[in-house]
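Trainee: I have a new structure open and would like to learn how to read its aromatic rings. Could you walk me through it?

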Amino acid sequence: MFVEKELFVIPNGDSFVLYAPIARMAVAVTGGVVRNLQSCEVSGHYPQGPVRDTLLKVGILSENAPQPKPIEVSSVFMPTGVTLFTTSDCGLRCIYCYASAGVTAKVMESSVAKAAIDLIIKNAITLNKKSVSVSFHGGGEPLYGTSGFLIRDIVAYAKDVATARELEVSFSCATNGVLSVRQLAWAIENLNRISLSVDGPPDIQDVQRPLKTGGKSSPFVERTLAFFEERKINYGIRATITRLSVGRLTEIVEYLHRVAPSASVHLEPLFSCGRCATTGAEAPDPDAFVEAFLNARVRAKTLGVELYNSGATVDKCDEYFCGATRGNFCVTPWGNVTSCFEVSLPSDERAPIFFFGVYDQELQSFRFNEERLTQLRERRVSNIPTCEDCFMKYACAGDCPAKSATMTGSLIGGFRCDENCTLGVNDIMERIQQRKEVIANVR
């Protein structure tokens with residue numbers, strides 16, 4: 001008799017929870033069950049009876065030795081999707097902007113964008129893929145000013161080239177929502193998915209995300225939300241929670257549900273960087289954020305709002321936190337290739353970690369640093385010793401590598417372990433109570 005290798009015992013009052021992240025099981029048990037499992041690991045024997053039968057049924061026990069699961073790590077960089085950071089300029093001056101957008105006004109050269117499109121299409125054909133994807137993001141507002149016209153040209157070009165090669169192409173974009181009616185009409189006609197940054201009710205939005213003139217952004221954003229809702233498009237909302245707004249998290253959820261009832265809501269606590277240095281914007285207290293998020297999640301469920309935080313769910317089971325260490329293909333306005341959405345400026349101290357390529361004007365193609373790409377891919381949770389015994393290892397996967405790099409100068413180093421573990425336990429217990437992905441409660 002063998003015990004599931006990746007099994008964690010989480011105290012829960014007078015009882016325990018057995019959590020097997022790879023097997024996707026969470027089971028409430030007594031201390032006696034835990035002791036029997038510990039003994040079984042040594043002796044290979046578990047007492048006969050209904051508890052043993054249940055543990056076999058859910059995969060915590062097995063008749064055969066568990067086989068190690070291979071880690072899928074590609075050794076070849078052949079992306080079929082690209083994220084274009086088309087500009088560093090922006091019509092807002094958000095008090096916490098990680099890229100200090102608007103300090104520079106660099107717009108990507110059309111030749112760089114088209115070369116990126118050509119590359120992913122070439123790769124798709126080589127790999128016999130049926131589709132490619134193009135996203136617009138970065139350290140500025142993609143649809144702002146000249147960049148907005150560039151994006152229209154890029155979308156038209158990508159559609160033409162993909163169609164000529166019988167490939168499907170999808171488009172997505174992150175935006176601050178300060179858009180004209182004409183821009184909105186174009187966006188819903190051409191984009192398959194939109195992520196909209198909104199921080200909450202007008203008094204929060206206008207303080208945290210003011211126009212570059214200092215004016216209010218909320219009237220424009222509310223118009224955008226109404227436009228999206230009327231046309232029932234595919235979009236989600238991301239809100240940044242600061243020390244100023246954390247006490248109003250439930251109110252923020254209620255407001256967003258009122259103005260954007262069809263949108264999912266992604267809440268993330270501020271990580272102090274970028275413009276925070278000059279505005280004094282501060283991250284929320286971790287304990288305050290956890291408490292506020294859990295309360296907001298209860299309210300969100302009553303409203304039918306899909307609420308998300310990158311450290312709050314055990315839905316994810318992965319070796320990597322995100323594509324930053326898996327091999328994202330992101331192109332900055334200067335033609336650099338970065339794997340991280342948060343590292344787009346050549347002056348960023350983390351650029352030597354996340355920049356792994358550049359567009360060569362003479363060759364009219366991209367050159368990649370395979371050694372640096374390999375180093376990025378090595379940043380997976382199985383290579384992080386401090387994560388080895390953590391039950392959240394496959395959910396948080398070492399957490400955000402960009403923020404680790406900010407804090408430690410390397411890709412290793414957690415920054416919100418306690419927050420993620422507390423939120424993770426809460427998520428597991430809710431699933432047990434609701435019997436989601438749970439076969440049994442063993443007593």
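Mentor: Gladly; we will go through some ring pairs and then one residue beside them. Keep in mind that this is a predicted model.

Trainee: How many aromatic pairs does a search of the whole structure find?

Mentor: The search gives twelve. A pair of rings is described by how far apart the centres are and by the angle of the planes. Here, Phe77 and Phe368 are 5.0 Å apart centre to centre, with 70 degrees between the planes, an edge-to-face pair. Phe77 sits in the loop between strand 5 and strand 6, and Phe368 in strand 16, so the pair ties together parts 291 residues apart in sequence.

Trainee: Are Phe77 and Phe368 buried or exposed?

Mentor: Buried means under 20% relative accessible area. Phe77 is at 10%, so Phe77 counts as buried. Phe368, with 26%, is partly exposed. Now look at Phe329 and Phe366: their planes meet at 85 degrees and their centres are 5.5 Å apart, so this pair is edge-to-face. Phe329 lies in the loop between strand 12 and strand 13, and Phe366 in strand 16, 37 residues apart. Both Phe329 and Phe366 are buried.

Trainee: Which residues form one aromatic cluster?

Mentor: The cluster consists of Phe77, Phe329, Phe356, Tyr359, Phe366 and Phe368.

Trainee: And what does Val82 touch?

Mentor: Leaving aside residues up to four places away in sequence, the contacts of Val82 include Phe329, Val331, Ile117 and Ser135. Val82 belongs to strand 6 and has 3% relative accessibility, so Val82 counts as buried.

How values were computed: Residues numbered from 1 in each chain as written. Predicted model: local features only at pLDDT ≥ 70, side-chain atom pairs only at ≥ 80, totals over all residues. Heavy atoms only, no water. Helix = DSSP H or I, 4+ residues; strand = E, 2+ residues; numbered from the N terminus. Buried < 20%, exposed > 50% of the residue type's maximum accessible area, 1.4 Å probe, protein only. Contact = heavy atoms within 4.5 Å. Phe/Tyr/Trp six-rings, centres within 6.5 Å; stacked < 30°, edge-to-face > 60°.
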